[in-house]
Amino acid sequence: MSFFGMDCVKKKEQELERKLRANDREYNLPFKYATNAIKTSKYNPFTFLPLNLFEQFQRIANAYFLFLLVLQVIPQISSLSWFTTVVPLVLVLTVTAAKDATDDINRHRSDNQVNNRKVKVLIDR
C-alpha cells in the first residue's frame with residue numbers, strides 16, 4: 001500500500017529457502033516454526049479487566065451511562081445523586097463481565113482439551 005508515495009506497510013523479510021527434514025525433531029526445533037496449538041480464548045488473567053471494560057464501553061449504552069455519571073458528579077448541573085447512575089452501570093458491567101468470564105473459561109477448557117488430544121506420530125515409516 002502506498003500513501004502519498006510512502007510505504008505504510010512494514011515489509012517482512014522474505015524467506016528465500018526453508019529446509020525441513022521429515023521425522024527429525026532435533027533438526028527442526030531450532031527453526032522455531034509455528035505450533036499447531038489452537039487458541040480461541042480472548043483473555044488471560046492479566047488482560048481480562050482492561051480488555052473487558054474496553055469492549056463493554058464500546059457499546060453505546062454503556063458509554064452513555066458513563067457520560068451521565070460524569071455529568072452527575074458535577075453538583076451545579078445534577079438534579080439526582082450520583083449513585084442513581086452508578087448502581088445500574090456497575091450492575092450491567094458486572095453481569096456482562098461474569099458472562100464473558102464464564103464463556104472465556106469454557107473456551108480455555110475447550111482449547112486445552114483439543115490441544116492435549118492424543119495423536120499418532122509416525123516415525124520411521
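This is a short tour of a predicted model, with stops at an annotated segment and at the salt bridges.

**Stop 1: residues 80–98**

Start by selecting residues 80–98. An unreviewed UniProt entry lists this stretch as "transmembrane region". Colour the selection by secondary structure: the chain here is 84% helix and 0% strand. If you put a distance label on the C-alpha atoms at the two ends, it should read 29 Å.

**Stop 2: Lys 42 and Glu 55**

Now switch to side chains. There are four salt bridges to look for in this model. Begin with Lys 42 and Glu 55, whose closest N and O atoms are 3.7 Å apart. Which parts of the chain does this pair link? Lys 42 sits in the loop between α1 (25–28) and α2 (48–56), while Glu 55 belongs to helix α2, so the pair joins distant parts of the chain, 13 residues apart. Turn on a surface and you will find Lys 42 partly exposed, at a relative accessible area of 44%. Glu 55 is partly exposed as well, with a value of 31%.

**Stop 3: Lys 99 and Asp 103**

Next, select helix α4, residues 83–115, which holds both Asp 103 and Lys 99. Show these two side chains: they meet in a salt bridge, with an N to O distance of 3.8 Å. Four residues separate them in sequence, about one turn of the helix. How accessible is each partner, Asp 103 and Lys 99? Asp 103 is partly exposed, with a relative accessible area of 32%, and Lys 99 is partly exposed at 46%.

**Stop 4: Asp 104 and Arg 107**

Stay in helix α4 and pick Asp 104 and Arg 107. Their salt bridge brings the closest N and O atoms to 3.2 Å. These residues are three apart in the helix, which means that about one helical turn lies between them. Is Asp 104 buried or exposed? Its relative accessible area is 4%, and because buried means under 20%, Asp 104 counts as buried. Its partner Arg 107, by contrast, is partly exposed, with a relative accessible area of 27%.

**Stop 5: a small network**

For the last view, add Asp 100 to your selection of Lys 99 and Asp 103. Salt bridges with shared partners join Lys 99, Asp 100 and Asp 103 into one network. Keep the Lys 99 to Asp 103 contact from the earlier stop on display, at 3.8 Å, and you have a good place to end the tour.

How values were computed: Residues are numbered from 1 along each chain as its sequence is written. This is a predicted model: local features need pLDDT of at least 70, side-chain atom pairs count only at pLDDT 80 or more; totals for chains, interfaces and linings use all residues. Side-chain values use heavy atoms; hydrogens and water are left out. UniProt positions are given in the numbering used here, feature names are shortened, and annotations may be inferred rather than shown by experiment. Buried means under 20% relative accessible area, exposed over 50%, partly exposed in between (1.4 Å probe, protein chains only).
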